[in-house]
Amino acid sequence: MDHVVASNRVAWERASQKHIREYDELLASARDADTQLFPRERELLAPLLADRPVVAHFQSGHGLDDIALVKAGAAHVVGVDYSTVAVDAAQRRADELGVDCRYIVSEVPGVPLDDASADLVYTGKGALIWMRDIDAWARDVARVVRPGGHLFVYEAHPAVPLWTWDEDEPRIRPDRSYFAQSHMNDTYPANGAQEWQWTLGQIVTAISQAGLQLQVLEEYAEPFWRPQDDTNAAAWSGRLPNSYALLAQKPL
């Protein structure tokens with residue numbers, strides 16, 4: 001783990017204390033599984049979850065999505081995250097609810113899962129911005145997923161770092177570029193964390209070169225995350241891309 005990744009891990013460990021402070025609220029949210037996956041996520045995942053897949057969730061965070069995936073049909077979810085705080089809280093919630101989820105502390109890529117051990121790799125919602133090597137990430141996905149299995153990503157659109165949070169009209173931040181390699185995070189989790197930027201073309205190309213076949217790529221105006229205050233940025237009003245879904249399959 002290089003110094004930048006190590007620094008990001010420290011920032012994420014600090015930010016993950018939120019999962020401890022809000023444990024009861026998150027537990028209550030986990031009980032209401034229907035609210036954890038976006039409606040379009042549920043639609044795209046429904047045919048896959050109908051087959052009771054084994055799911056690997058790269059960068060699983062608080063784990064609420066994992067509980068929702070099991071309740072929606074997944075046979076079992078293995079969550080992987082490099083935050084010990086997040087993993088411990090997620091495992092405690094899953095155990096308390098009696099949901100078949102298991103968590104591992106590990107950096108991604110380099111997850112300690114066997115080759116071809118998952119029917120579905122699920123990820124996103126603030127995951128890919130921490131990937132310093134998008135090609136290595138895609139190869140790890142392709143290694144873990146079984147032939148005929150799938151990768152599903154629901155993530156912030158790569159253009160999101162450009163948008164200001166002005167409420168009167170959308171603007172582009174003068175300190176950001178769509179084609180920059182990285183930028184310093186100044187929202188959540190902040191603490192000096194460095195985010196890497198990957199264009200939509202780079203992400204799709206990495207997945208394709210890893211041997212997965214693209215099936216769905218959709219862009220949405222609605223962001224997957226908003227700050228927990230009264231901020232209502234004009235960039236979220238329907239004119240700009242703020243999130244996307246991607247589904248790819250590993251050939252038999």
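## Elements and overall form

Helices in this report are DSSP runs of H or I with at least four residues, strands are DSSP runs of E with at least two, and both are numbered from the N terminus. The structure described is a predicted model. Its chain holds eight helices and nine strands.

A compact globule of 252 residues would have a radius of gyration near 18 Å, and the value of 17 Å for this chain agrees with that expectation. The C-alpha trace spans about 45 × 40 × 40 Å along its principal axes. Buried residues account for 53% of the 252 residues. Among contacts with a separation of 6 or more, 73% join residues that are 24 or more positions apart. The accessible surface amounts to about 11400 Å², and carbon and sulfur atoms contribute 50% of this area.

## The seven-stranded sheet

Strands of a sheet pair through backbone hydrogen bonds, in either a parallel or an antiparallel sense. Here, seven strands form an open sheet with mixed pairing, in the order S3-S2-S1-S4-S5-S9-S8. Its edges are strand S3 (101-105) and strand S8 (213-220), each of which pairs on one side only. From one strand to the next, the twist averages 15°.

Within this order, strand S4 stands between S1 and S5. S1 and S4 run parallel and are joined by three bridges; Ala-56 has Val-121 of S4 as its bridge partner. On its other side, S4 pairs with S5, again in the parallel sense, over six bridges. In that pairing, Gly-124 stands opposite Tyr-154 of S5. Strand S4 is mostly covered, since a residue counts as buried under 20% relative accessible area and six of the seven residues of S4 are buried.

The pairing of S5 with S9 has the antiparallel sense: seven bridges join strand S5 (residues 145-156) to strand S9 (residues 243-249). Val-153 stands opposite Leu-246 of S9.

## Helix H7 across the sheet

Helix H7 (residues 134-144) lies across strand S1 (54-58), strand S4 (118-124) and strand S5. The helix runs at about 140° to S5. Arg-143 of this helix also takes part in a salt bridge with Asp-115, described below.

## Salt bridges

Side chains of opposite charge can pair when their charged atoms come close. With a cut-off of 4 Å between a side-chain nitrogen of Lys or Arg and a carboxyl oxygen of Asp or Glu, the model contains 14 salt bridges. One of them joins Arg-40 and Glu-43, with an N to O distance of 2.7 Å. Arg-40 and Glu-43 are separated by about one helical turn, because they are three residues apart in helix H4 (residues 39-49). Arg-40 is partly exposed, with a relative accessible area of 29%.

The salt bridge between Asp-115 and Arg-143 has an N to O distance of 2.8 Å. This pair links distant parts of the chain, as Asp-115 belongs to the loop between S3 and S4, whereas Arg-143 belongs to helix H7, 28 residues apart. Asp-115 counts as exposed at 54% relative accessibility, while Arg-143 counts as partly exposed at 26%.

A network of salt bridges links Asp-166, Asp-168, Glu-169 and Arg-171. Within it, the closest N and O atoms of Asp-166 and Arg-171 are 3.3 Å apart. Asp-166 is partly exposed at 28% relative accessibility, and Arg-171 is partly exposed at 33%.

## Backbone features beside strand S4

The loop between S3 and S4 holds Pro-109, and the peptide bond from Val-108 to Pro-109 is cis, with omega near 0°. Ala-116 lies in the loop between S3 and S4. Its phi is near 50°, a positive value in a residue other than glycine. At 32% relative accessibility, Ala-116 counts as partly exposed. Asp-115, the salt-bridge partner of Arg-143, also has its place in the loop between S3 and S4.

A positive phi occurs again in the loop between S4 and H7, where Lys-125 is found. Lys-125 has a phi of about 55° although it is not a glycine.

Technical notes
Residues numbered from 1 in each chain as written. Predicted model: local features only at pLDDT ≥ 70, side-chain atom pairs only at ≥ 80, totals over all residues. Heavy atoms only, no water. Pairing = 2+ DSSP bridges. Axes fitted to C-alpha atoms, helices over the stretch in contact; angles between N-to-C directions. Contact = heavy atoms within 4.5 Å. Buried < 20%, exposed > 50% of the residue type's maximum accessible area, 1.4 Å probe, protein only. Rg over C-alpha atoms; globule rule 2.2 N^0.38 Å. Areas by Shrake-Rupley, 256 points an atom, 1.4 Å probe, with all protein chains shown as cover.
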